[in-house]
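This report goes through the strands, the charged side chains and the cysteines of one protein model. The structure comes first.

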Amino acid sequence: YRPSFLFYLVCTPCTPMFITLYNKKGTLLTGSYLNSNGQSEVSSLFRVEHINDNCVTLRVLYKDNNNYIASNSFINVNLGCICAIQCIEDAVVSNL
């Protein structure tokens, strides 16, 4: 199977499921975003926005107090570079 097919089976685009990803070296994938105070931070929580062949577009999410917030930051990832996907939970994102 192509990685995108397996990824699609696990994480359908635009679902409330949050994921974390690990690269082939076992390192947790992170993305930068600006928090509500305009400060740059890093998160390892993502939401699948789009799957296109062997690439996926992910929205960076972060937790503020007990609320999940969708940032305006996105990353594109080649699924051939990913070795593990961890589905975190279904939750409500307050600003989507």
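How many residues lie between β4 and β5 in their hairpin, and which residue in the turn has a positive phi? The hairpin has 2 residues between its strands, and D53 in the turn has a positive phi of about 55 degrees. The model is a predicted one.

**Overall layout**

The protein contains 1 helix and 7 strands, in the sequence order α-β-β-β-β-β-β-β. Of its 96 residues, 35% are buried. Among contacts with a separation of 6 or more, 56% are between residues 24 or more positions apart. The exposed surface is about 5700 Å², and carbon and sulfur atoms supply 49% of it.

**The β4–β5 pair**

Strand β4 covers residues 45–52, and 6 of its 8 residues are buried. Its partner β5 spans residues 55–64; the two run antiparallel and are joined by 7 bridges. Within this pairing, F46 stands opposite V60 in β5. In a regular strand, side chains alternate between the two faces of the sheet.

**Salt bridges**

The count of salt bridges in the structure is 2. Both are listed below with their N to O distances.

| Salt bridge | N to O distance |
|---|---|
| R47 and E49 | 3.0 Å |
| R59 and E49 | 3.2 Å |

The second pair links distant parts of the chain, with R59 in strand β5 and E49 in strand β4, 10 residues apart. R47, E49 and R59 are linked in a network of salt bridges.

Are the members of this network buried or exposed? R47 counts as buried because its relative accessibility is 13%. E49 has a relative accessible area of 18%, so E49 is buried as well. R59, at 13% relative accessibility, is also counted as buried. The cut-off behind these assignments is a relative accessible area under 20%.

**Cysteines**

How many disulfides does the structure hold? The number is 0. For C81, the nearest cysteine sulfur is that of C55, 8.8 Å away, and C81 is in no disulfide. A disulfide requires two cysteine sulfur atoms within 2.5 Å, so the C81 and C55 sulfurs do not qualify.

C81 has a relative accessible area of 42% and is therefore partly exposed. C83, at 48% relative accessibility, likewise counts as partly exposed.

Technical notes:
Residues numbered from 1 in each chain as written. Predicted model: local features only at pLDDT ≥ 70, side-chain atom pairs only at ≥ 80, totals over all residues. Heavy atoms only, no water. Buried < 20%, exposed > 50% of the residue type's maximum accessible area, 1.4 Å probe, protein only. Helix = DSSP H or I, 4+ residues; strand = E, 2+ residues; numbered from the N terminus. Contact = heavy atoms within 4.5 Å. Areas by Shrake-Rupley, 256 points an atom, 1.4 Å probe, with all protein chains shown as cover. Pairing = 2+ DSSP bridges. Salt bridge = Lys/Arg side-chain N within 4 Å of Asp/Glu carboxyl O.
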